[in-house]
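Let's take a friendly walk through one protein model, with an eye on its sheet and its aromatic rings. Please have your viewer ready.

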Amino acid sequence: MVSKFFSLAVAGIALAIGTVPAAAQTTNLEASFDSMLGTEVRAPRSFEAVYDTDFARRIAQLANASDGRIGVAAVDLSTGEQISVLGEQRFPMASTSKIAIACTFLEGVEQGKWTLNSEFPMLYPVSSGKYSSARAPVREGKAMPAIDLIEQMITRSNNYATDGLLRAVGGPEAVNAWVRRNGIREFNLTRDIATLVRDDGEFDPAYQIDARDSATPLAMIDLLTGLQQGRFLSDKSRKVLLGAMSRTRTGTRRIPKLIPSSAQVLHKTGSLNNTSSDVGIIRMPDGRAFALAIYVTGQGSRSAREAKIASIARALYDGYAARSPATHYTAATYGGH
């Protein structure tokens with residue numbers, strides 16, 4: 001497994017100064033060590049990746065990127081065995097953030113603020129210049145029941161449905177508050193989707209880290225794990241969201257592409273300038289499940305990024321499938337849900 005200290009230090013330095021070219025990260029890291037430990041002569045330090053298992057080594061090899069950054073995190077929900085490659089480094093969430101938006105809305109349903117039949121308008125962007133306003137202008141479209149907006153938002157990654165629900169819950173700040181209340185860190189939703197798409201391309205995520213609208217792969221599997229285990233939502237709400245994730249129509253060349261048909265894939269994709277991602281839960285035929293989050297930047301083309309996601313997802317599946325079955329807690333419920 002890649003050294004957690006190394007990836008954490010890189011991510012922390014990058015976030016401290018906003019956006020950092022990846023090529024400068026090593027220099028900044030050295031400066032950080034000198035600041036903390038002094039400049040006296042020390043024994044040579046090795047930043048060579050250290051792996052706990054052949055399984056971890058295989059994932060790290062697949063996630064090795066000469067052109068851009070690739071972040072991976074996964075956890076076996078039966079045993080807790082975790083894999084992480086740049087799992088503590090920030091990546092653009094793109095549309096993978098829609099899982100947290102749906103969770104925030106569904107919590108409001110449970111609290112009686114609205115129902116799944118409450119209607120909200122889809123929000124369509126109005127033409128405006130990049131960076132010309134803090135929030136891209138939108139106009140209201142057709143109002144739809146919330147259950148239909150969730151279905152559109154997850155299965156087809158509909159941005160107009162997403163912004164309708166995001167406005168209903170109180171905007172990005174409300175989603176961040178939900179995430180924090182549930183103990184998830186290193187997650188930051190900053191803009192609505194209309195603004196995010198309009199201003200896309202300001203930075204190249206393959207070589208720079210932008211803290212806005214970003215999360216770490218480890219934060220995303222924390223979100224997925226809590227959702228699967230029932231720690232965040234009631235069983236009824238979980239079925240709504242996980243059911244939609246099982247019907248996702250986007251990203252057929254990503255996580256699902258190489259996974260055996262006997263397994264069930266519940267996932268949500270994300271795409272922006274020079275970045276492609278897919279996160280979700282895979283339920284294996286023997287009843288076990290694992291959560292995974294794969295964020296790929298660069299690699300020359302979208303098809304190359306998608307191929308990376310597919311190959312990493314299959315390697316994770318094979319690695320976890322080869323493990324001996326353990327006591328299952330994937331269906332456990334928490335917090336009285």
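The report below deals with the sheet, then one of its strands, then the ring contacts.

## The sheet

A word of care before we start: this is a predicted model. Five strands make up an open sheet, in the order β2-β1-β10-β9-β8, and their pairing is antiparallel. At the edges sit β2 (82–85) and β8 (264–272), each of which pairs on one side only. From one strand to the next, the twist averages 5 degrees.

There is a helix to look at here too. Helix α3 lies across β1 (70–76) and β2, and runs at about 30 degrees to β2.

## Strand β10 and its neighbours

Strand β10 (residues 289–297) pairs with strand β9 (residues 275–283) in the antiparallel sense, over nine bridges. To find your place along this pairing, look for Gly280, whose bridge partner in β10 is Leu292, and for Val279, which stands opposite Ala293. The two strands form a hairpin with five residues between them. In the turn, Gly287 has a positive phi of about 100 degrees.

β10 also runs antiparallel to β1, and seven bridges join the two. Here Gly71 stands opposite Tyr295 of β10.

How many of the residues of β10 are buried? The count is nine of nine. Both faces of the strand are covered. One side carries Ala289, Ala291, Ala293, Tyr295 and Thr297, while the other carries Phe290, Leu292, Ile294 and Val296.

## Aromatic pairs

With ring centres required to lie within 6.5 Å, the model has nine aromatic pairs. One of them joins Phe55 and Tyr320 edge-to-face, at 5.1 Å centre to centre and with 85 degrees between the planes. Phe55 belongs to helix α3 (residues 54–62) and Tyr320 to helix α11 (residues 302–321), so this pair ties together parts that are 265 residues apart in sequence. Both Phe55 and Tyr320 are buried.

Another edge-to-face pair is formed by Trp114 and Phe120, with 6.3 Å from centre to centre and 90 degrees between the planes. Trp114 and Phe120 are both buried as well.

## A ring cluster and a charge over a ring

Which residues do ring pairs link into a cluster with Phe55? They are Phe290, Tyr317 and Tyr320. Phe290 is also among the buried residues of β10, which brings us back to the sheet.

One last contact to inspect is that of Arg69, which lies over the face of Phe91 at 4.3 Å from the ring centre.

Note on methods: Residues are numbered from 1 along each chain as its sequence is written. This is a predicted model: local features need pLDDT of at least 70, side-chain atom pairs count only at pLDDT 80 or more; totals for chains, interfaces and linings use all residues. Side-chain values use heavy atoms; hydrogens and water are left out. Rings of Phe, Tyr and Trp (its six-membered ring) pair if their centres lie within 6.5 Å; planes under 30 degrees apart count as stacked, over 60 as edge-to-face and the rest as tilted. Helices (H or I, at least four residues) and strands (E, at least two) are DSSP runs, numbered from the N terminus. Buried means under 20% relative accessible area, exposed over 50%, partly exposed in between (1.4 Å probe, protein chains only). A charge sits over a ring if NZ of Lys or CZ of Arg is within 6 Å of the ring centre and within 35 degrees of the ring normal. Two strands pair if DSSP finds at least two bridges between them. Axes are lines fitted to C-alpha atoms, for helices over the stretch in contact, and angles run from 0 to 180 degrees between N-to-C directions. Contact means heavy atoms within 4.5 Å.
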